[in-house]
Amino acid sequence: MPVELTWWGHATCTVEDSDIRVLTDPLFVRRLAHLRRRRGAVPPPDAWRADVALVSHLHADHLHVPSLARLAPGTRLLVPRGARRAVPGLRRLGHLKLTEVAPGDETMVGDLRIRAVPARHDGRRLPFGPHRSPALGYVVEGDARTYFAGDTGLFDAMEKEVGPVDAALLPVGGWGPYLGEEHLDAGRAAQALARLAPRTAVPVHYGTYWPIGMDAVRPHEFHAPGDEFVRLAALRAPGVAVHRLGHGERIRVEVVR
């Protein structure tokens, strides 16, 4: 059966597989601290609908408590191990069914198996506190195998840890003009694509939020990563169908076993 992927902006996506709606890193605001949403409307209430929400790490643009509070009562919520201790605001979300996970953990939601996988990224809740939690990616396994990378750099065991996948949601940028080795930019994301070799890929985590007052600072870093990823992916992984989606746009992934 076809699987549908929707990009709402930044790292927020919906994966619809086996009649289950999976939401990644929900962020439903126009402004977050020094960041302002410069492109795309704030995700509408339809984006809030989910059977399970996945949080990749504790940074506030990925674990955003007010956005999580909008999820319907009974929604499953998977967060990195240690999140409750590091983010006291999670304790207010008693209407959600929260589970802490670490790399290698598997969770069943209906007919979906959701597997937490490692990511190369600082998973702490910044700038507060010494507590550490692992940064995660997730593989959603149902009619298709969909990899949501969260925030990550390249790491040696990526292919082994992620395994074969049909679709990949890969970060290709950020919210500032400089990205370190613990992020994928367009070039490193194209390398990851060549290593993972999915059938389909969607670039995410770019072209949405940008620091206030920095509109004129390296603006190409805001606008260019999606197109640059498409260009580099065609060179490094020509067998992969890459879809650069607009905000709120969706695609269907046909899976043939």
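So, Arg-31: look across to β5 and you'll find its bridge partner there, Arg-36. Bear in mind that this is a predicted model. Those two arginines take us to the pairing of β4 with β5, which is antiparallel and is held by 2 bridges.

Now zoom out a bit. β4 and β5 belong to an open sheet of 3 strands, and the order is β4-β5-β15, with antiparallel pairing. Which strands stand at the edges? That's β4 and β15, the latter covering 209-211, and each has a single partner strand, so one side of each is left without a neighbour in the sheet.

Okay, back to the link between β4 and β5. β4 is 31-32, β5 is 35-37, and Ala-33 is in the loop between them. What is the phi of Ala-33? It comes out near 50 degrees, so a positive value, and this is a residue other than glycine. Why flag that? Because most residues other than glycine have a negative phi. Is Ala-33 buried or exposed? Ala-33 counts as exposed, since its relative accessibility is 58% and the cut-off for exposed is over 50%.

There's another residue to put beside that, and that's Asp-19. Asp-19 also has a positive phi, near 65 degrees, and again we're not talking about a glycine. Where does Asp-19 lie? You'll find it in the loop that runs between β2, 12-17, and β3, 20-24. Asp-19 is exposed too, with a relative accessible area of 76%.

So if you're scrolling through the structure, stop at Ala-33 in the β4 to β5 loop and at Asp-19 in the β2 to β3 loop.

Terms used
Residues are numbered from 1 along each chain as its sequence is written. This is a predicted model: local features need pLDDT of at least 70, side-chain atom pairs count only at pLDDT 80 or more; totals for chains, interfaces and linings use all residues. Side-chain values use heavy atoms; hydrogens and water are left out. Helices (H or I, at least four residues) and strands (E, at least two) are DSSP runs, numbered from the N terminus. Buried means under 20% relative accessible area, exposed over 50%, partly exposed in between (1.4 Å probe, protein chains only). Two strands pair if DSSP finds at least two bridges between them.
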